[in-house]
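Reader: I am new to this structure and would like to go through it step by step. Could we start where the metal is held?

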Amino acid sequence: MSEHPTAPEAHEDAAMPPEGRRRLEQFEEGITLDRFITETAQAHPENKGKFSALLRQISLASRLVSARVNRAGLLGMFGDTGDVNVQGEFVQKLDEYANNAFKRALDHAGCVCAIASEEDEGPYYVPERFHSGRYVFCMDPLDGSSNIDVNATIGTIFAVYRRQSPEGTPASIDDILRPGTEIVAAGYVVYGSGTMMVLSTGEGVNGFTLDPSVGEFFLSHPDIRLKPECKLYSVNEGYASSWTPAFRGWIEGVKAPGQGWSQRYIGSLVADFHRNLLKGGIFLYPPTKKNPEGKLRLLYEALPLAFLAEQAGGAATNGHQRILELCPDALHARTGLIIGNSGPVEEVTALLRAELRS
Ligand code: AHG
Ligand code: MN
Ligand code: MN
């Protein structure tokens with residue numbers, strides 16, 4: 001190995017696979033998130049620019065959080081605030097920062113009437129001094145908090161609903177607790193080796209990578225699709241003693257010699273889901289003895305990711321029902337989650353349904 005590795009030869013560029021070349025051209029074309037928002041808005045004039053304003057404010061908050069996450073270690077932003085949130089978890093400094101960044105970016109923009117957050121006990125209704133807009137914003141401002149101090153990938157997860165009550169009037173909890181089938185947009189932002197927003201407004205899934213040198217997201221992963229099958233599973237094997245026989249049987253089945261499956265589990269739902277969305281994989285978090293309802297939250301973790309999974313051709317259930325058909329009965333309602341490529345999701349769900357009937 002020479003001590004001075006040479007730059008890739010010109011001919012190596014020519015060998016770039018078509019997909020990589022397409023993405024490079026896409027990047028060079030400079031399709032920004034802003035242009036994507038404008039083009040989406042042109043197709044939906046009925047939204048009167050309010051939806052575009054919402055997406056632009058989500059982009060702003062994402063860039064603020066990305067900058068803070070990337071310098072957290074230097075700014076004393078690791079660790080917790082000493083407070084305990086409604087989940088009974090210590091609030092991490094970055095949880096609090098991300099929560100405030102999204103609320104501050106959204107509450108005055110005239111497009112949102114209420115914000116439901118994992119970090120807040122009740123909904124944040126847009127104050128009287130601002131216009132109570134037409135959308136409801138549900139978020140996990142920072143998912144994967146246990147990974148903050150070790151610089152593992154974390155992220156923000158969000159879902160957008162159109163309100164039920166008239167625009168301009170005070171919103172209520174009935175605007176927020178809606179079935180997932182009414183979601184109008186959902187996405188997440190992963191703060192990892194790079195920052196990427198993955199977004200769907202109901203017409204497929206697109207990924208935008210942040211170029212921090214210009215502070216703009218660029219379309220880098222157009223039309224993300226999940227194949228029907230995969231050979232990767234993500235589960236916390238530490239809870240194996242909680243699993244039902246049918247669930248354990250499926251896991252043992254894919255681990256059997258010759259099956260060719262691999263296992264990846266980061267412990268940040270958003271990061272595990274992102275890897276599985278791009279490379280294929282099924283993420284499984286069934287109810288456990290510690291969390292008999294399931295650990296993950298329906299409103300701002302399972303529902304938005306289920307929307308994205310289905311928009312990409314995948315599937316998501318709670319082990320028995322389609323996640324998007326569920327309607328939270330409380331802001332922080334929890335659920336089991338099985339999400340990813342449709343083949344394995346449907347296979348595991350059929351086994352668990354049969355087990356429930358037996
Ligand atoms: P949050 O950091 O928002 O509380 O979410 C943590 C969740 C999710 O991100 C992850 O998949 C799961 O907790 C990991 O749970 P275990 O550590 O029990 O595997
Ligand atoms: Mn979370
Ligand atoms: Mn969180």
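Author: The protein donors of the manganese ion (ligand 2) lie 1.9 to 2.1 Å from it, donors being N, O and S atoms within 2.8 Å of the metal (3.2 Å for Na, K and Ca), with water not among the atoms, so sites may look incomplete. This is a predicted model, in which local features need pLDDT of at least 70, side-chain atom pairs count only at pLDDT 80 or more, and totals for chains, interfaces and linings use all residues. Residues are numbered from 1 along each chain as its sequence is written, chains are lettered from A and ligands numbered from 1 in the order in which they are written, and side-chain values use heavy atoms, without hydrogens and water. The donors are Asp 140 (OD), Asp 143 (OD) and Glu 301 (OE).

Reader: Which residue bridges the manganese ion (ligand 2) and the manganese ion (ligand 3)?

Author: The two ions lie 3.6 Å apart. The residue that bridges them counts as buried because its relative accessibility is 0%, buried meaning under 20% relative accessible area, exposed over 50% and partly exposed in between (1.4 Å probe, protein chains only). That bridging residue is Asp 140.

Reader: Is Asp 143 buried or exposed?

Author: Asp 143 is also a donor of the manganese ion (ligand 2). Its relative accessibility is 6%, so Asp 143 counts as buried.

Reader: How are the donor residues of the manganese ion (ligand 2) spaced in sequence?

Author: The donors are Asp 140, Asp 143 and Glu 301. Written along the sequence, their spacing is D-x2-D-x157-E.
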